[in-house]
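User: I would like to understand the words used for this model. Please set each value against its cut-off and then conclude.
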Amino acid sequence: MFWKKLRQKKIDQVIANIDKKDLVQRYFLLALGCFIVAFAFNVFFKQYGIVCFGVSGLSIVMNKKIGIPNFLFILIVNAFLLVLSYFALGKKKTKNALFGSLIFPFFVWITEYFVPYLTFDDVELLVIAIFGGVLSGIGYGLIFKTNFNTGGTDIITEIVSKYTKVSLGKATWVSDGLVVMSSLLVSSWEIVLYGFLVLYIISFMTDRVVLGISQSKAFYIVTEKQEEVRDFLLSITDGGVTLINARGGYTNNKETLLLGVVPTRQYFIVKEGLKEIDKNIFFLVCDAYEVSSRGK
């Protein structure tokens, strides 16, 4: 028990070191990503009534139903979810969502003023959905690279994933799917289909910006700090690790090869975390296009 607590303390320290690394650059990328997503939201989605993701998607429905400004609805809901996050997920998770939760509705408010100058009445709705999805995916990719988030339904999915057996990816698709379906309250089935198309494009582009197109990354690792690396990989949401007996090709010495599989969105924090644990670590990263656990 003592050694387990000690290893957990080291893991927490590794993650804390990552959070402090390049902090100014990470906040800049977060702000840039939020601006891009807010711009795409106002110019491509709100203007043409495409409901596609998160609290911002719900704000389109509520704006049409009761007239509440989009940025105000997003701000109020994000504030409520931050309080919920503090009690359900803890101080650290809430801190990672705080800045994005506040700056995103601010950019939604600011980018509303671009709409009168950027109208595409002669353009097919399909083209608008594609361009909006691509731009939003780029923005979310920048946000995920910072290890921050914009709160909203991200908080809900993390809570659901933590207290149920539902994976984070499935919880995200369910929550965003329900948001898209809510557009039936104010729109037609055609808009719902466009919403699901946008969701797919955003997911694809986000992974492309973070790194690669697969849902998971496989790390092949050789290190002298096997216990710390193993515990770190197991601490990652939906992460896993396998220890493989190996022999060095040059030295012919017996070694242990660690095979770790983590979600693509966690790639950046895993890569930096491994370097924090062992400065002399060797690892190879590959795309994992399909991951199946035992019995599933």
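User: What makes α2 and α5 oblique to each other?

Analyst: In this predicted model, the axes of α2 and α5 (residues 91-111) cross at roughly 40°. Angles under 35 degrees count as roughly parallel, and 65 to 115 as roughly perpendicular. The angle of roughly 40° fits neither range, so the pair is called oblique. The axes of α2 and α5 come within 8 Å, and the crossing is right-handed.

User: Which residues of α2 and α5 meet there?

Analyst: On the α2 side they include Y27, L30, C34, F35 and F41. Among their counterparts in α5 are F99, G100, I103, F104 and F107.

User: Why are α2 and α3 called oblique?

Analyst: Helix α2 (residues 23-46) and helix α3 (residues 54-66) pack at an angle of about 40°. An angle counts as roughly parallel under 35 degrees and as roughly perpendicular from 65 to 115. About 40° lies outside both ranges, and α2 and α3 are therefore oblique. Their axes are 12 Å apart. The contact is made by F41, F45 and K46 of α2 with S56, S59 and I60 of α3. The crossing of α2 and α3 is right-handed.

User: How do you know whether N96 is buried or exposed?

Analyst: N96, in helix α5, has a relative accessible area of 11%. Buried means under 20%, so N96 counts as buried. Leaving aside residues up to four places away in sequence, N96 touches N147, F148 and N149.

User: What makes the contact between E227 and R230 a salt bridge?

Analyst: The closest N and O atoms of E227 and R230 are 2.9 Å apart. The cut-off is a side-chain nitrogen of Lys or Arg within 4 Å of a carboxyl oxygen of Asp or Glu. The 2.9 Å distance meets that condition, so the pair is a salt bridge. Both residues lie in helix α10 (residues 226-235), 3 residues apart, which is about one turn of the helix.

User: Which words describe the accessibility of E227, R230 and D231?

Analyst: E227 has 40% relative accessibility and R230 has a relative accessible area of 25%. Buried means under 20% and exposed over 50%, so E227 and R230 are both partly exposed. D231, at 12%, counts as buried. D231 also forms a salt bridge with R230, at 3.7 Å from N to O. Salt bridges that share partners join E227, R230 and D231 into one network.

User: How many salt bridges are there in the whole structure?

Analyst: The search of the whole structure finds 5. One of them is between K271 and E272, with N and O 3.9 Å apart. The limit is within 4 Å, so this pair also counts. K271 and E272 are both buried.

User: What makes β2 and β4 edge strands?

Analyst: The open sheet has 4 strands in the order β2-β3-β1-β4, with antiparallel pairing. β2 (240-247) and β4 (282-288) each have a single partner strand, so one side of each is left without a neighbour in the sheet. Neighbouring strands of this sheet are turned by 20° against each other on average, direction ignored.

User: How do you know that β2 and β3 pair?

Analyst: Two strands pair if there are at least two bridges between them. There are 8 bridges joining β2 to β3 (residues 254-263), so the condition is met. The two strands run antiparallel. Within β3, L257 is the bridge partner of I244, while K254 stands opposite R247. The hairpin of β2 and β3 has 6 residues between the strands, and N252 takes a positive phi near 65° there.

User: Which helix lies across the sheet strands β1, β3 and β4?

Analyst: Helix α11 (residues 267-277) does, running at about 10° to β1 (216-222).

User: Why is K279 called exposed?

Analyst: K279 has 66% relative accessibility. Exposed means over 50%, so K279 counts as exposed. K279 is placed in the loop between α11 and β4. K279 and T223 are 56 residues apart along the chain, and their C-alpha atoms are separated by 9.5 Å.

Definitions and conventions. Residues numbered from 1 in each chain as written. Predicted model: local features only at pLDDT ≥ 70, side-chain atom pairs only at ≥ 80, totals over all residues. Heavy atoms only, no water. Axes fitted to C-alpha atoms, helices over the stretch in contact; angles between N-to-C directions. Contact = heavy atoms within 4.5 Å. Buried < 20%, exposed > 50% of the residue type's maximum accessible area, 1.4 Å probe, protein only. Parallel < 35°, antiparallel > 145°, perpendicular 65-115°, else oblique. Left-handed = near helix turned anticlockwise from the far one by under 90°.
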